[in-house]
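Reader: Hi, I have a new structure open and don't know where to begin. Can you walk me through it?

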Amino acid sequence: MEYGEDEETKRKRERFYRMFDDLPLDDIEIRMIHPWAGKFSDSEFKLPPVRKDRFYPCAYLWRTMNILWNGTVVPCCLDITGEVVLGNVREKSLKEVWNDLPIRRMRRLMIERRHEEIEMCKNCQVLRDSFMGISGVLTKVMLYSVENMLGFRTTRAITKGVKRIKSAIS
């Protein structure tokens with residue numbers, strides 16, 4: 001059963017999977033909708049809690065920044081409405097924005113496990129869908145790359161291994 005899933009939803013999901021039993025498919029995946037850091041959610045959408053005992057800081061604050069159409073720099077691709085402004089490339093260099101106080105404060109809060117003090121991070125799916133600090137999305141991209149090089153069966157074996165590790169440390 002998935003997090004936050006009741007028995008009826010579990011039965012519906014299993015019934016849905018059975019519809020594909022006789023088809024030559026490699027895999028079927030049902031994904032939770034992405035809330036875009038809390039921008040698009042409703043009262044029925046419940047995120048699992050961030051596990052403080054296995055908290056991995058979001059790597060995006062050290063790896064990426066995004067520049068919107070008007071030059072506004074935001075720390076994350078999930079900030080699609082430009083709510084957390086780090087600066088503007090029309091006023092500062094990227095190097096200045098990258099090392100300025102707003103992003104340094106966010107990094108410090110993330111390291112200190114105080115992500116809920118960052119408005120856009122407190123409802124972020126990435127912090128709940130990561131493995132050793134690598135987001136679920138990035139993990140998928142890496143697996144697809146391995147699949148392209150080594151084939152589907154190898155990728156499936158790696159995925160099963162990661163699931164076993166996750167369940168063992170839960």
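**Working through the model**

Author: Sure. Keep in mind that this is a predicted model. Let's begin with the overall layout.

Reader: OK. How many helices and strands does the protein chain have?

Author: The protein chain has six helices and five strands.

Reader: What order do the elements run in from the N terminus?

Author: Two helices start it off, and the full run reads α-α-β-β-β-α-α-β-β-α-α.

Reader: And what percentage of the residues count as buried?

Author: The figure is 25%, for a protein chain of 170 residues.

Reader: Switching to charges. How many salt bridges does a search of the whole structure find?

Author: Five turn up. One of them pairs Lys 92 with Asp 100. Their closest N and O atoms are 2.2 Å apart.

Reader: Is Lys 92 buried or partly exposed?

Author: Partly exposed, because its relative accessibility is 31%, and buried means under 20%.

Reader: Which residues are linked in a network of salt bridges?

Author: Four of them: Arg 108, Glu 112, Arg 114 and Glu 117. Take Glu 112. This residue bridges to Arg 108, with the closest N and O atoms 4.0 Å apart. Glu 112 also meets Arg 114, at 2.4 Å from N to O.

Reader: How accessible are those three?

Author: Each one counts as partly exposed. Arg 108 has 41% relative accessibility, Glu 112 has 38%, and Arg 114 has 29%.

Reader: I skipped Arg 113. What is its phi?

Author: Positive, at about 60°, although Arg 113 is not a glycine.

Reader: Why point that out?

Author: Because most residues other than glycine have a negative phi.

Reader: Where is Arg 113 found?

Author: In the loop between α4 and β4, where β4 covers 130–131. Arg 113 is partly exposed, because its relative accessibility comes to 36%.

Reader: New topic: holes. How many cavities of 30 Å³ or more are there?

Author: The search of the whole structure gives two. The largest cavity holds about 80 Å³ of space.

Reader: Which residues line the largest cavity?

Author: Here's the list. There are cysteines: Cys 58, Cys 76, Cys 121 and Cys 124. There are methionines: Met 106, Met 110 and Met 120. Tyr 60, Leu 61 and Pro 75 line it too.

Reader: How many of the lining residues are nonpolar, polar or charged?

Author: By class, 10 are nonpolar, with no polar and no charged residues.

Reader: Which helices each supply at least two residues of that lining?

Author: Those are α2, at 60–63, and α4, at 101–111.

Reader: Now the outside. Which residues form a nonpolar patch on the surface?

Author: Ile 67, Val 89 and Leu 94 do. Together they have about 220 Å² of accessible area.

Reader: Where does Val 89 sit?

Author: Val 89 is in the loop between β3 and α3. Those elements cover 87–88 and 94–98.

Reader: Why can Val 89 count towards a patch?

Author: Patch residues need over 30% relative accessible area. Val 89 has 34%, so it is partly exposed and clears that cut-off.

Reader: Great. What should I look at again?

Author: Try the network from Arg 108 through Glu 112 and Arg 114 to Glu 117. Then turn to the largest cavity and its 10 nonpolar lining residues.

Notes:
Residues are numbered from 1 along each chain as its sequence is written. This is a predicted model: local features need pLDDT of at least 70, side-chain atom pairs count only at pLDDT 80 or more; totals for chains, interfaces and linings use all residues. Side-chain values use heavy atoms; hydrogens and water are left out. A salt bridge is a side-chain nitrogen of Lys or Arg within 4 Å of a carboxyl oxygen of Asp or Glu. Buried means under 20% relative accessible area, exposed over 50%, partly exposed in between (1.4 Å probe, protein chains only). On a 1 Å grid over the protein atoms alone, a cavity is a set of points where a 1.4 Å probe fits but cannot get out, and a pocket is an open set with protein on both sides within 12 Å along at least five of seven lines; lining residues have an atom within 4 Å of a point. Grid points are joined across faces, edges and corners, and a volume is the space filled by probe spheres set on the points. Helices (H or I, at least four residues) and strands (E, at least two) are DSSP runs, numbered from the N terminus. Ala, Val, Leu, Ile, Met, Phe, Trp, Tyr, Cys and Pro count as nonpolar, Asp, Glu, Lys and Arg as charged, and the others, Gly among them, as polar. Patches are made of residues with over 30% relative accessible area and no salt bridge: like charges are joined within 9 Å, nonpolar side chains (Val, Leu, Ile, Met, Phe, Trp, Tyr) within 5 Å. Accessible areas come from the Shrake-Rupley method with a 1.4 Å probe; for residues, only the protein chains shown count as cover.
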